[in-house]
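Please look over the sequence and structure shown here before reading on. The report that accompanies them concerns how the strands are arranged and what packs against them.

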Amino acid sequence: MGITNLRCYIQRRNVAKKYRLQDTKLIIDGKNLSHVLMETSYTGTKYGGNYDVFSEHMENFFNLLRNCNVQPYVVMDGAYDSDDKKIDCLLERCENRIYNISKGSKKCFPILSHRCFTYTIKKLGIPIESCNYEADHEIASLAKSWKCPVLSNDNDFYIYDLPGGFIRLNDLNFNRRTKTECITYIDTSIYYSENIHESLGISPSVLPLLAVFLDNDYYKLDKAIIKQFVSKELKISAKKAEHKLKKPIDVMVEVLRPFADTSEGIDALSRCLDNHIAFLSNEEKCQIIDNAKVILKQFTLENVTETENNNLFNSEEKIEVTPVIPFPSWLIQSFRNCEISPFIINVLDKRVLLKPNLEDLTQEFIYEIASPIRQIIYKMATGKKLQEVIVEHHRENCHMVQTRILPITSNLKLGKIPTLNMMQGTEEEVRLKCLANIFLFPLEKLVMIPKVSRMFILALNYLAKNSGLKESTKGMKCLLFCHMLLLSKEYGHIYDLPVDSACVDKVFEYCADDYRVPFDIALLHEFQKLQIVIDILYDLDGLFMFPLEIPNPNVMYKSGLMYPLFTKTDNENHLDRIIETCLEKESPLRITYSEILKLLLENLK
């Protein structure tokens, strides 16, 4: 919810306790952790994303927890809340991101970060699940049930009644643990609800009212209403109340302190609206009270018990279709297992937010390249509702706008678009063929490619046909060659694709990010499109029940290799010489590279 300035206020109260993190379950806010780990990986965000660096940093972090006998459980956010209560805040953040990019910022959360994060978590064998919508309440409920700490940077967790405490990610030293004799632990700080309540002098059941009266991502109460509320509750003049509100948290704690519970606070707010606010209609006043009750309900954990059968991490629970998410059970399970992104649920709610990323703002929005694929997904998700309109929020020039999109009901080359209910029971080859047709790549050629490379090749083929790189084969060769190097590093022992490590090291050294690598936003813009296509292909693969093998994102994109290699090679011949030097003529990797390149070039004709 992001309550403004609450963190700074709580920290000024010095209520944190020293804590040794060891021998416990730990519920982790996955979205927060992924952002913090990407930021602290230093080169992870460079030029659009170095996912191998990000993944290695993640492994080090979770190994640190394992060495302290901490069992992590990662919970991911799902779709944006269906009531759109946060959409204005999200759009404002997008506008700010556009502004920062326009001023030369090169820092954006890379496009495939979510895929890399969830893939690496699973690779490490760590439990991870996604909620349908925002995860705060589910995280808090599970932590209260298990009586274990929550790890997050979200200041909502100061307000939840968490017997196991709340640890801020920023208070955790990612690179250091302490060892005494046979005991290993991480020194950090922890916040307990009772310490916060005692310090503020406020009842635990009243604390959630702060979320009603302070600015947050969902809801902002009119300043005039807050001023009147403070004036009447503290029995001071409106002028003095306005002066006190220069420190809003301090004055709201003072106002709320006498209340016994949230219902008293809501009653007081209702009286203030009825007696002192003339510029609102009765309907608008009722809406304010309803909004306040919705916020308070978010922080209610009264029915959570230690033995409660929680939905999260309960492998015995049957996954059922609900009216909220009317998808087949196999697809709902894929959401829950983080195999398909929340984008699909957003489609069900008839609006999609396409966030700007590191791109050339003078060119067409990078997501436009995948627009035809999204329309196919819209059709598959909405089923027979032929007139269902999806609202896309997207960048146009330097601002966010919205466009109403109709799903594709048919395509001359594809024929009838299959529905999700048609998938189960359909043979894998049929599903794979349909997927190949969407990307205009013949099935007989696709099956000639190693399974782990098929997703990348479909995306690269689509990029070559629909982007500025189609005018030259240098871009295709560069991206394919880098993929082969990354593939050999990650999967060479499985697919018999060894490569001379000394040659690979030379290529990586040649591409090392230094002052000699010029920043070309127009080139990066084209490379970013590849990530957009790969990202949506992950979801489309899931909708077709995974006929494509899900590869490690590490082999799909590495900006610190692909971007500098293209930039520092003078021309296509220069690039060819590097490839020939690195890949021996008769080596399996060289043969695989040559065969795939031939297929791609033939398909471009």
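What follows describes the sheet, its pairings and a helix that packs on it, all in a predicted model.

## The sheet as a whole

Five strands make up an open sheet, in which the order is 4-3-2-5-6 and the pairing is parallel. Strand 4 (128-130) and strand 6 (166-168) lie at the edges with a single partner strand each, so one side of each has no neighbour in the sheet. From one strand to the next, the twist averages 25 degrees.

## Pairings around strand 2 and strand 3

Strand 2 (residues 24-29) pairs in the parallel sense with strand 5 (residues 150-152) over two bridges, and I28 stands opposite L151 of strand 5. Strand 2 also pairs with strand 3, again in the parallel sense but over six bridges, and here I27 is the residue that stands opposite Y73 in strand 3.

Strand 3 in turn runs parallel to strand 4, to which three bridges join it; M76 has S130 in strand 4 as its bridge partner. As for its surroundings, strand 3 is mostly covered, with six of its seven residues buried.

## The helix on the sheet

Helix 2 (residues 30-40) packs on the sheet, where it touches strand 2, strand 3 (70-76) and strand 5. The direction of helix 2 makes about 80 degrees with that of strand 2.

How values were computed:
Residues numbered from 1 in each chain as written. Predicted model: local features only at pLDDT ≥ 70, side-chain atom pairs only at ≥ 80, totals over all residues. Heavy atoms only, no water. Pairing = 2+ DSSP bridges. Helix = DSSP H or I, 4+ residues; strand = E, 2+ residues; numbered from the N terminus. Axes fitted to C-alpha atoms, helices over the stretch in contact; angles between N-to-C directions. Contact = heavy atoms within 4.5 Å. Buried < 20%, exposed > 50% of the residue type's maximum accessible area, 1.4 Å probe, protein only.
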